[in-house]
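Q: Got a minute to go through this one with me? I'd like the overall picture, then some local details.

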Amino acid sequence: MKKFIKSISTYVAVALVSIGATYGMYSYMDSKRDNSSTNYNNHGGTFKQENVHFASLTSDGYPDFTKAAESSIHAVVHIKSTVKGSPQSRRQIDPFEYFFGPGQGREYQYEPQPRVGFGSGVIISKDGYIITNNHVIDKATEIEVSLNDNRKLNAKLVGTDPQTDIALLKVEGDDLPYIPFGNSDQLKVGEWVLAVGNPFNLTSTVTAGIVSAKGRGGIGNAPEDIQSYIQTDAAINQGNSGGALVNTNGELVGINTAIYSRTGDFAGAGFAVPISIAGKVVADIKEYGTVQRAILGVSVIELSKAKELASSGEKGFEGAEKIKIEVGAYIGGLSEESAAKQAGLKAGDVITAVNGVKIKNGSELQEQISRFNPGDKVKVTINRDNSEKTFDITLKNTSGNTSIVKKTDVMSNLGVVFKELTDEQKKQHGISSGVYVAGVENGGAFAKSGLTKGYIILRMNGESVSTPGQAESIIQSAAKSPDKSLFLSTLTPTGQRKLFAIELE
């Protein structure tokens, strides 16, 4: 189970729950998008936003979850992921070296012990697509799925998205049980939900709770991750990661991913990726091989924090203390040539709505923008000088254009996601340019070379890089060169300089 620490009073350990939420993919989604939100079902349509789910009652007047449990438990699987290390060399020391000086010794090869992890997953189509968390199958060389009827199947990794911690698997099968998609947008705080998974390797476990909050962000120390979690008090523990969060109709509304905990075990607060986000991620992976990530090109902070900084005289936040509204995403900066800047947005604006959907914070802004593809047009409402304005914005991709991104062979082989550096990151490391490694996929050339999420690439083949588009352009040119090599000058997550050489096949 992936764990991370968040300071609350003394501290609270935030542990990514090693549950595998088999995120089987809907037979195929038509991907029709509503202006306010998009929800995908197993048959490619969109959900009407009119259903509120209430638990039925037993004859004694207590909530009855049997229907939801029975309809979902058979579609939640147990995942065993095995990571086998590469053969290593060791030198066997000749004991006579201690008396007569260094001798020849002997080198031999040995196989490191494989590492085995467990989690959960959700079958989302009868032909065997499964959703789980990326951290459940991270770096796995073998993935085994156990169904509720005790069948064991080998799973193929279709693709991953480290920024949302979602992965898509595929097993061979016909007429498998699956969970239909629900509408996570329509979940209400206080509504009953069930968490289905395999905590502590106890298969087919169902727990009940309510939706405690929506749009939760700031879980852990990875600001580049897309976080707008559903918070629930349904018991989630190690082994639940990747499991299903379902409503009382037995519909999939989230993928259980993380918990707050001092010990790594359940302490009353669990977090799930809404199916509105996870559904689009797996649909994109299936259709394009990579996630179509639309970018506004803004860096935002919480409005209350901006007001606090302005009141303390922090440079760059002048006037924020005079903003009369109390909620929204405060724009601290904009990328050059970004969609937002070209449309007329400025630093100091407060984003309050996207396509009419109210925005309370940066997490909710992330969630809304993540529903769209490059080239889609959205209406962004902002507060500027305490007046409301609305802008039409055509979203761009990470390369700075509006094209749909198809994973080329070379980029697929590298398995990396780049992101532009923030001004804060540049200041922290004392650099003026570079690109941030926001995600590294299992089995890619970057992962094999030892590069991980958190590295900053300063130069590629001797050229300085500043944007993801520039980095990808250099990679494409290197792939066409005779030696097909990529030489990287980087900063490690701890700020040390390190060089890498990667072969481009």
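**Fold totals and a few acidic residues**

A: Start with E172: at 65% relative accessibility it counts as exposed, because the cut-off for exposed is over 50%. Keep in mind that this is a predicted model.

Q: Where is E172 placed?
A: E172 is in the loop between β13 (166-170) and β14 (192-197).

Q: Which residues form the negative surface patch?
A: The patch is formed by D127, E172, D174 and D175.

Q: And D175, buried or exposed?
A: D175 counts as exposed, because its relative accessibility is 65%. D175 is placed in the loop between β13 and β14.

Q: What about the phi of D175?
A: D175 has a positive phi of about 55°, although it is not a glycine. Most residues other than glycine have a negative phi.

Q: Now D385. What is its phi, and where does it lie?
A: D385 has a positive phi of about 55° and is not a glycine. D385 lies in the loop between β24 (377-384) and β25 (387-394). With 72% relative accessibility, D385 counts as exposed.

Q: Switching to the whole chain: how many helices and strands?
A: The protein chain has ten helices and 31 strands.

Q: What share of residues counts as buried?
A: Of the 505 residues in the protein chain, 51% count as buried.

Q: How much area does the protein chain expose, and what do carbon and sulfur supply?
A: The protein chain exposes about 23,600 Å², and carbon and sulfur atoms supply 48% of that.

Q: And contacts in the protein chain, what share joins residues at least 24 apart?
A: Among contacts between residues at least 6 apart in sequence, 65% join residues at least 24 apart.

Key: Residues are numbered from 1 along each chain as its sequence is written. This is a predicted model: local features need pLDDT of at least 70, side-chain atom pairs count only at pLDDT 80 or more; totals for chains, interfaces and linings use all residues. Side-chain values use heavy atoms; hydrogens and water are left out. Patches are made of residues with over 30% relative accessible area and no salt bridge: like charges are joined within 9 Å, nonpolar side chains (Val, Leu, Ile, Met, Phe, Trp, Tyr) within 5 Å. Accessible areas come from the Shrake-Rupley method with a 1.4 Å probe; for residues, only the protein chains shown count as cover. A salt bridge is a side-chain nitrogen of Lys or Arg within 4 Å of a carboxyl oxygen of Asp or Glu. Lys and Arg count as positive and Asp and Glu as negative; His and the chain ends are not counted. The place of a charge is taken as NZ of Lys, CZ of Arg, CG of Asp or CD of Glu. Helices (H or I, at least four residues) and strands (E, at least two) are DSSP runs, numbered from the N terminus. Buried means under 20% relative accessible area, exposed over 50%, partly exposed in between (1.4 Å probe, protein chains only). Contact means heavy atoms within 4.5 Å.
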